[in-house]
Structure formats: C-alpha cells, structure tokens
Amino acid sequence: MAAGLRAALSRRSARLDALADAERDQLPLWLPVGLGLGTAAWFVLPSAPAWTAFLLFAGGTAAACFAAAAETRWARALALFWLAALIGCANIWWKAERVAAPVLRREGVATFDATVESLQRLPAEEIVRLVVKVDRRGAAARLPERIRLNLDEEKAPPDLEAEAIVAVRAWLMPPPPPAVPGAYDFARAAWFQRLGATARALEVTVTDPPRRRGWRARLASARQSLADHVRRRLPGGEGGIAAALATGDQGGIPEADAEAMRRSGLAHLLSVSGLHLTAVVGAVMLLTLKLLALSPALALRFRLVVIAAGVGAAAGIAYTLFTGAEVPTIRSCIAAILVLAGIALGRDALTLRLVAVGALIVLLVWPESLVGPSFQMSFAAIVAIVVLHDHPRVRAFVARRDEALPLKLLRLIAGLVLTGLAVELALIPIALFHFHQAGLYGALANIVAIPLTTFVIMPLEALALAADPLGLSAPFWWLAGRALAFLLWLAHAVAAAPGAVAMLPALPRGAFACLVAGGLWLALWRTRWRIAGLLPILAGAAWALATPAPDLLVTGDGAHLAVRTGDGLAILRPRAGDYVRDTLSENAGIGGEPRELESLAGASCSPDLCAAEVIRHGTRWRVLATRSPYLVDFDPLRRACAEADIVVSDRRLPVTCRPRWLKADRALLARTGGLSIVLGKVPEVTTVASFAGEHPWAVR
C-alpha cells in the first residue's frame with residue numbers, strides 16, 4: 001500500500017513538473033504576487049499572534065516544499081512563492097513599527113510653534129492645506145510630531161510658505177478611522193505618513209520666514225506658482241484640470257467636475273500617472289531622437305535610441321519630482337524607466353516581467369500602497385493591457401498592414417475599444433471594493449478622452465507655457481481651454497447617462513480576494529489551465545451579489561444614522577455635510593440625494609428624538625435616535641428606549657435606557673467604531689473595529 005501511494009505521488013509530481021516546465025517563463029511573475037499575499041495577510045489578519053502564525057505557516061510551507069521535492073521545478077517555485085509571502089508579511093510589519101509616531105488621542109484646542117513641511121492651496125475648497133512639524137518643547141511636548149492643518153484661504157498670511165516657522169492655534173483631532181465599515185480609512189494612511197493629528201487652524205502667524213530654502217521647498221514653491229499661473233490663464237474647471245496635468249495639483253477642480261470625472265471613468269486623467277509620464281517621456285524621447293538624427297556624424301557613431309532613452313528617463317524623473325513625487329507617480333516613473341531600459345537593450349518595450357519588477361520594487365519600498373486603490377488600479381490596468389496585446393490573435397489583429405485608410409482607422413478604433421473594455425473589466429472589482437461604484441461607460445469615454453488629453457491638451461498646454469515668456473501664448477491657451485471644455489462636457493454627459501454607474505453597497509474581502517486571485521490566474525498563465533481562474537471569479541461575483549445590503553448605517557461618533565428604504569436612503573440629520581451624505585450613500589449602495597428620516601411612514605420625530613419603523617423579512621424593528629445635544633427627561637427616555645429595538649446616540653445614555661436588542665451609544669461606539677447592520681432573519685452587525693483589529697492605527 002505504501003509503495004502504491006509513493007507511486008501515485010510520484011506520478012502526480014511528474015505531472016505538476018511537466019506543467020511547471022510548460023509555464024517556466026511565467027513562474028517568476030508570481031514572486032510579486034507572493035510578496036503581495038504576505039503584505040495583504042498582515043493587513044487582513046487581526047493581531048500579532050495571527051501575523052506570527054502566517055509567518056510560521058509560510059516559512060514551514062517553503063521549507064516543506066524544498067525538503068519534499070527540491071529537485072522538481074514545481075516544488076522550487078512553490079517554495080519561492082511562500083518565501084516571498086513570508087518576506088512580504090515581515091516587511092510590512094517591520095515598516096509599520098518603524099514609522100511609528102505619536103498620535104493624538106483626544107481632540108481639543110492647542111497652541112504651538114511648528115515648521116511648515118509642505119503647503120497646498122485648494123482654491124475649489126477655499127482652504128490652504130499644510131503639513132507641519134511641531135516644536136515639541138514645553139507645553140507642546142504631548143502633541144504629535146507631524147500634523148495636517150486646514151486653514152481658511154482668507155486667513156492665510158501672505159508670507160506663508162514651506163519651511164517657514166509659524167505660530168498656530170488650532171482645533172486638533174485624531175486621524176479619523178472609517179466613518180462606517182467599508183469607508184476610507186484615513187487613520188491607516190496617516191500612520192504610514194507619520195501624521196499624528198488633523199486640525200482646523202484657527203489662527204496661523206508666520207514668526208520666521210525661511211532664510212535659505214532647500215531644494216524641496218523651492219520645487220514646491222515653483223510647482224505652486226505654476227499651478228496658480230495656469231489657473232489664472234484658464235479659470236474654472238478647465239484651469240483646474242490643466243493645473244493638475246502640469247503639476248499634479250487637483251485643488252482647483254470644482255467638486256461637480258471632479259465627481260463627473262469619477263462617474264464617467266475619467267478620474268485617472270486627473271492624477272499624474274503612467275499616461276502623463278508616457279506622454280512626457282515619449283515626447284522628449286521622440287524630440288531628442290529627431291534632433292540628434294539631423295547630424296549624420298552622431299547618427300553613424302552612436303546608438304541614438306539609447307541616448308534618447310536616457311534623456312527621456314531624465315525627463316520622467318524631473319517630471320516626477322516636479323509634480324510632488326507621490327508614490328503613484330514614483331511607481332509610474334519606475335515602470336517608465338524599466339520600459340526605456342528594455343528599449344535600450346533591444347528587448348520588448350513592455351512585458352509582464354517588467355511590470356513584475358516594478359511591482360516588486362514598489363512592494364518592497366512602499367508595501368502599504370498595496371491596499372490603496374491607486375496601486376491596484378494602475379497595475380491591474382497595465383497587466384490587462386499587456387496580457388491582451390500579448391495574445392496572438394489580438395496582436396495579429398492590431399498589427400500594421402497595407403490597407404485603405406478607412407480600414408486602418410476602423411482597426412485602430414477597434415483596438416482602442418478592445419483595450420478599454422479589458423481595462424474596465426479589470427478595474428470594476430477594484431472600484432466596487434473601494435468606492436462602491438464603477439462607471440460602465442468608461443471604456444467608451446476613454447476612447448475619446450485619452451487621445452484628446454495625450455495628443456491635444458498636453459501638447460497645447462506645453463506650447464502655451466513655452467510661449468508665455470514671449471507673449472505669444474494666447475492662441476494656445478484658447479485652444480487648450482476649448483479642448484478642456486470638451487473633455488468636461490464629455491465627462492458630464494457620460495456621468496449623466498442612464499445606467500452610467502453601477503453601485504454595490506459592500507464587496508466582502510473574501511469575494512474581492514476571489515476576484516483578484518481568479519484575475520491573476522487568468523492573466524499570468526499561458527497554458528489551458530489558466531481557464532481555471534474563471535472558477536474563483538464566478539465564486540467571487542456570486543458571493544458579492546449574494547451579500548445583503550446594510551439596512552442601517554451608524555457613524556462612529558453616533559451622530560449620523562442612515563436607514564435603507566425601498567426607494568433610497570433616509571438620514572437622521574438632514575443638515576449633514578456632503579462628505580457624510582456621500583459616505584453613507586456609497587456604503588449603502590444607493591445613488592441620489594438621501595431624504596429625511598422623519599419623512600418615512602410611521603416615523604415620529606421631535607427636535608431631540610426621532611423614532612422610525614423598519615420592516616424586514618416580516619419583522620418590525622423600531623429604531624430610536626437622539627439628534628440634538630440637549631438631554632431628554634429621564635422618564636420619557638426610559639419609556640422610549642424600552643419600546644425600541646435599536647437605540648443610537650452620540651452621547652452616553654443612562655443604564656436605564658434598555659432597548660430590546662442594541663444600544664449604540666457613545667460607550668459602545670468608542671469600542672466598535674461605526675456600525676453596518678443587516679436586519680435579516682439572523683441580524684448581523686459589522687464594526688469598524690473588526691476591520692482594524694489590533695493594527696497600530698486602530699482606536700483603543
């Protein structure tokens with residue numbers, strides 16, 4: 001029996017080795033996937049014992065594969081994969097500990113001196129955003145080292161700039177966790193940026209202007225000056241987008257235009273990324289190559305392509321630094337340099353191996369970027385493009401050939417549509433997971449928007465800026481303004497089209513993991529077994545569609561309650577700000593303007609209390625919420641609580657307030673954070689705390 005088992009295992013190993021040999025060129029592509037798996041495991045698992053268990057499991061699996069069948073290709077590949085997963089988990093754990101900085105625990109007013117590290121003007125919001133380093137001497141010793149401040153534009157001193165020393169009086173707040181489960185986690189982002197607090201600046205005075213500004217400050221000042229200049233030449237949304245293309249500064253884009261760009265699938269044009277770097281690097285490289293080719297001596301003695309690639313790389317690095325050197329831009333710059341290196345070496349300009357090298361660099365240096373939408377979207381898009389155009393049939397279809405001009409144009413348009421569809425399919429799960437909505441017409445909109453931005457708007461803007469010192473820029477600015485106006489019209493038209501946006505209230509982590517795993521399996525293998533990737537994709541899609549939408553959403557401060565109705569969303573406080581309203585609507589998976597809770601049938605509201613009834617699966621739930629800062633008389637409150645199933649409040653309620661099922665007051669919400677409640681046959685409550693676990697940024 002033992003001999004038969006060994007023979008069966010040997011045959012299975014031989015089949016796996018044959019399969020691994022057939023896919024040997026693809027095996028290195030799984031190293032960044034392993035690194036990403038380990039990084040994701042650290043973010044998803046809740047505590048240090050779980051992280052340690054994962055490290056032991058990954059290390060043990062790698063060792064077992066080496067020990068069991070070290071001579072086989074499949075065992076070595078599997079061992080290296082799990083070794084990469086171990087490195088990924090250990091790397092992000094180490095970085096989270098390394099960047100640890102003091103974090104504010106309680107909000108309040110503070111006065112302190114600080115040095116301005118960075119300054120960003122946001123004309124659309126009429127504020128100036130500062131990041132300051134606090135002088136932690138004396139009374140400021142308990143404050144965090146770095147604070148992000150929002151200052152009203154009208155209160156900003158005229159001599160306020162980077163590296164200035166300022167005296168600040170501000171209302172400080174801890175970095176906010178997600179308002180409800182599934183919302184954006186600023187506390188996590190702030191931890192890795194070493195931001196210990198956010199603040200609304202009440203007063204800022206420059207006490208010592210910078211005497212000698214460093215290169216970073218000079219670069220930031222030049223970037224801000226250029227953005228202001230562009231916005232003066234092109235007012236409104238056109239100027240805001242033009243400034244974003246030139247400098248990466250999106251602060252001048254009106255919210256209505258920014259929302260239209262998001263809903264139409266064109267928001268990627270607003271942030272400096274691969275598209276913009278490709279345009280800059282490609283233009284510089286082409287111009288350099290053409291100019292050098294004018295000299296026969298240079299053309300005969302040197303490889304001009306290598307020189308042009310070097311100049312293009314330098315231009316890409318300069319553009320990255322000038323636009324702020326944000327992680328997404330750095331990532332795109334790395335990818336561009338790798339592509340240029342491939343061109344210089346005579347290799348394919350863009351392959352999955354180059355993409356994998358770029359992903360490895362990013363995951364090792366900035367592992368926290370893995371959980372952000374920017375990393376996921378950019379790499380998903382480029383992988384989809386490379387895989388699509390690497391397919392023999394697609395490559396044959398888009399290849400140049402001698403044919404009539406109309407056929408060439410049709411083939412080009414068909415290629416663009418096919419590429420856009422592939423990218424949209426790759427991005428939809430990511431958009432639904434992070435933003436709870438995805439544009440359905442983005443592929444069609446991008447067919448027009450990408451060539452318009454790359455070949456019309458950016459060159460016109462460059463010509464206008466170059467002609468400004470000569471006083472000859474007016475025609476170029478006018479043309480750029482008309483092109484940008486058409487881009488905004490396209491965005492608004494697509495965003496307003498029926499069915500333009502698909503919304504999903506919550507994409508569970510497990511469902512998202514299935515979709516990602518299936519997509520990677522389909523993309524990174526070449527033999528027929530890649531089709532097996534459809535199984536986790538179908539499972540993830542079914543899981544997502546079967547997940548019920550939340551019936552109630554409660555923000556972590558207890559001040560806001562949203563009830564899902566048959567035709568929309570009803571909220572407790574009709575004067576809630578746009579951010580709160582958008583967050584509640586997106587996480588409920590409902591578009592449109594929410595209505596007031598007291599408009600529901602059977603609702604009864606006073607200035608201090610609001611009660612409503614929610615019927616789910618034949619069960620009637622009575623919900624009670626406080627909505628004013630004033631105390632309610634003891635006895636009426638006790639009776640109202642006793643008649644309610646769920647009570648929500650932004651303050652601590654007395655022990656005599658005893659609802660039938662859940663009391664979500666300040667005492668509970670301080671431990672759980674925001675709540676997402678499904679009133680099914682078996683009610684379920686999901687908390688923000690369950691997502692954060694024991695990670696260092698979690699509220700304790």
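Is Arg 73 buried, partly exposed or exposed, and what is its relative accessible area? Arg 73 is partly exposed, at a relative accessible area of 29%; here buried means under 20% relative accessible area, exposed over 50%, and partly exposed in between (1.4 Å probe, protein chains only).

The model is predicted, so local features need pLDDT of at least 70 and side-chain atom pairs count only at pLDDT 80 or more, whereas totals for chains, interfaces and linings use all residues. Residues are numbered from 1 along each chain as its sequence is written, and side-chain values use heavy atoms, with hydrogens and water left out.

**Confidence**

The protein averages a pLDDT (the predictor's confidence in each residue, from 0 to 100) of 86, and 96% of the residues score at least 70. Confidence is lowest in helix 1 (residues 2-22), with a mean of 70, and highest in helix 2 (residues 30-44), at 96. Helices (H or I, at least four residues) and strands (E, at least two) are DSSP runs, numbered from the N terminus.

**Salt bridges**

The structure holds 23 salt bridges, each a side-chain nitrogen of Lys or Arg within 4 Å of a carboxyl oxygen of Asp or Glu. Three of them are listed below.

| Salt bridge | Closest N to O distance |
|---|---|
| Arg 73 and Asp 21 | 3.2 Å |
| Arg 622 and Glu 613 | 3.8 Å |
| Asp 645 and Arg 660 | 2.9 Å |

Arg 73 forms its salt bridge with Asp 21. This pair links distant parts of the chain, with Arg 73 in helix 4 (residues 73-98) and Asp 21 in helix 1, 52 residues apart. Asp 21 is partly exposed at 33% relative accessibility, and a network of salt bridges links Asp 21, Arg 24 and Arg 73.

Asp 645 and Arg 660 also meet through their side chains. Asp 645 lies in the loop between helix 22 and strand 15, and Arg 660 in the loop between strand 15 and strand 16, 15 residues apart. Asp 645 is buried, with a relative accessible area of 10%, whereas Arg 660 is exposed, at 54%.

**Cysteines**

There are two disulfides, a disulfide being a pair of cysteine sulfur atoms within 2.5 Å. Cys 605 and Cys 610 form one, with sulfur atoms 1.8 Å apart; Cys 605 is partly exposed at 26% and Cys 610 is buried at 1%. Cys 641 is joined to Cys 657 at an S to S distance of 2.0 Å. Cys 641 belongs to helix 22 (residues 634-643), and Cys 657 to the loop between strand 15 (646-648) and strand 16 (662-664), 16 residues away. The link of Cys 641 and Cys 657 is left-handed, with -80° about the S-S bond, and both residues are buried.

Why is Cys 65 not bonded to Cys 89? The closest cysteine sulfur to that of Cys 65 is in Cys 89, 18 Å away, which is too far for a bond. Both are buried, Cys 65 at 11% and Cys 89 at 0%.

**Helices 14 and 17**

Helix 14 (residues 373-390) has 18 residues and reaches 25 Å from first to last C-alpha, close to the expected 26 Å; the expected span is 1.5 Å times one less than the number of residues. Its buried residues include Phe 375, Gln 376 and Phe 379.

Ile 457 is found in helix 17 (residues 442-467) and is buried, at 0% relative accessibility. Leaving aside neighbours within four places in sequence, Ile 457 is in contact (heavy atoms within 4.5 Å) with Leu 245, Leu 452, Ala 483, Leu 484 and Leu 487.
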